[in-house]
Amino acid sequence: MTEIVSARVIVTSPGRNFVTLLIETKDGVTGIGDATLNGRELAVASYLEDHVIPCLIGRDAHRIEDIWQYLYKGAYWRRGPVTMSAIAAVDMALWDIKGKLAGLPVYQLLGGASREGCMVYGHANGADISETIENALRYHEQGYRAIRLQSGVPGLKATYGVSKDRYFYEPADAALPTESLWSTEKYLRSVPPLFEAAREALGWDVHLLHDVHHRLTPIEAGRLGKDLEPYRPFWLEDATPAENQAAFRLIRQHTTTPLAVGEIFNSIWDAKQLIEEQLIDYIRATVVHAGGITHLRRIASLADLYQVRTGCHGATDLSPVSMAAALHFGISVPNFGVQEYMRHTEETDAVFPHAYRFEDGMMHPGDKPGLGVEIDEVLAAKHDYKRAYLPVARLEDGTMFNW
Ligand code: GCO
Ligand code: MG
């Protein structure tokens with residue numbers, strides 16, 4: 001028995017907010033987990049401090065599956081982003097502890113490497129097509145084999161995915177939500193020329209991706225997918241909101257462009273129909289919002305039966321702890337597809353020193369025992385929490401819409 005003797009939550013804001021859980025065992029081993037839920041961080045911190053930590057003390061840190069089931073079934077109130085992010089943080093920390101005790105990196109405990117590294121995609125964006133292409137070329141030169149393209153929409157002042165700073169994108173940028181305007185018509189006109197220009201400039205030996213960010217109806221998404229077919233995109237992401245999983249049937253009837261969804265999912269139940277009916281090609285659930293490594297492996301196993309591959313969310317609101325966990329998961333599962341990689345700032349990396357590395361368009365989790373990420377608590381204490389919201393969007397006539 002490796003008894004858990006204490007656990008605590010650290011909230012730090014090195015450029016953006018992160019919630020981190022540290023679990024300590026009797027013999028002095030510490031495990032680390034990410035519990036960051038962008039724009040709602042303190043809800044998870046309280047869920048952990050007030051409701052989860054008291055139940056952890058005295059338990060055997062080795063019993064990862066049992067603790068997962070205890071927190072999931074034991075709460076009675078199942079699922080939801082707050083609950084599942086809290087469970088995820090505990091799960092990551094326990095895998096970290098198990099790895100440290102075994103003297104092995106977590107991916108070795110998950111069955112070992114299934115590949116040399118995890119292919120990642122970077123974010124190229126710009127105010128207009130030429131700026132986006134310029135940035136995409138920079139990613140290409142850096143060795144990226146997959147690049148996401150997001151461009152400003154002519155006639156709209158601001159849009160999701162286009163940042164002020166081209167390299168570090170932090171959408172949760174204000175103490176109250178900023179408002180932007182949206183026009184589906186303007187947007188739909190703008191994407192095919194972007195892809196046409198990208199193929200001309202970058203050629204065909206690079207994967208191109210695009211994120212719709214839940215802003216189309218299924219039939220509109222079908223049309224966009226069809227319009228993009230000549231440019232062979234790797235995927236079209238979050239084409240329509242997925243609360244109604246059957247909505248993807250309509251998109252599928254109209255296009256062979258591969259579909260990805262799942263960054264806001266928090267359990268296997270959000271994806272069950274999408275996977276079983278083969279309505280998607282990539283499942284994007286993340287280690288932090290979908291119950292940790294333990295639950296993500298369950299989702300990947302179901303997906304594997306239906307030839308659906310993984311494409312985990314990896315925006316900067318997922319801390320380096322999540323990035324490490326995603327890479328240990330990704331390098332080990334048989335049906336890995338791609339991993340999103342939005343670089344963290346140097347400020348963030350300094351607070352979370354880590355063993356994972358980028359090389360030749362791929363990332364590797366490194367071979368340190370456990371997850372291979374630490375938190376510098378002295379540095380973390382210097383960055384106070386600052387309330388920050390994601391933006392909201394309205395249609396041009398003022399109707400509330402999806403950002
Ligand atoms: C992505 C995502 C993010 C989200 C962000 C919200 O594909 O990377 O859509 O950019 O908007 O994670 O917190
Ligand atoms: Mg997305």
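Trainee: Which residues are the protein donors of the magnesium ion (ligand 2)?
Mentor: This is a predicted model. Donors are N, O and S atoms within 2.8 Å of the metal. Three side chains supply them at 2.0 to 2.2 Å from the ion: Asp211 (OD), Glu237 (OE) and Glu263 (OE).

Trainee: How are the donor residues of the magnesium ion (ligand 2) spaced in sequence?
Mentor: One Asp is followed by two Glu, with 25 residues in each gap. The pattern is D-x25-E-x25-E.

Trainee: Which strands hold Asp211 and Glu237?
Mentor: The two residues are 26 apart, and the pair links distant parts of the chain. Asp211 belongs to residues 207–211 and Glu237 to residues 235–237. These are strands β7 and β8, respectively.

Trainee: Which polar side-chain atom lies 2.7 Å from an oxygen atom of ligand 1?
Mentor: Side-chain N or O atoms of Asn38 and His213 are each 2.8 Å from an oxygen atom of ligand 1. The 2.7 Å distance belongs to a residue that is also a magnesium donor. That atom is in Glu263.

Trainee: How much of ligand 1 does the protein bury?
Mentor: Ligand 1 sits in the largest pocket. Taken alone, ligand 1 exposes 340 Å². Of that area, the protein buries 95%.

Trainee: How many charged residues are in the shell around ligand 1?
Mentor: The surroundings of ligand 1 comprise 15 residues, and Tyr160, His213, Glu263, Asp317 and Glu340 are the closest. By class, four of the shell are nonpolar and four are polar. The charged residues number seven.

Technical notes: Residues numbered from 1 in each chain as written. Chains lettered and ligands numbered in written order. Predicted model: local features only at pLDDT ≥ 70, side-chain atom pairs only at ≥ 80, totals over all residues. Heavy atoms only, no water. Near = heavy atom within 4 Å. Polar contact = N/O pair within 3.5 Å; in protein donor to acceptor, adjacent residues only side chain to side chain. Areas by Shrake-Rupley, 256 points an atom, 1.4 Å probe, with all protein chains shown as cover. 1 Å grid on protein atoms, 1.4 Å probe; cavity = no way out; pocket = protein on both sides within 12 Å on 5 of 7 lines; lining within 4 Å. Sits in = over half its atoms within 2 Å of the grid points. Nonpolar A, V, L, I, M, F, W, Y, C, P; charged D, E, K, R; others polar. Donors = N, O, S within 2.8 Å, 3.2 Å for Na, K, Ca; no water. Helix = DSSP H or I, 4+ residues; strand = E, 2+ residues; numbered from the N terminus.
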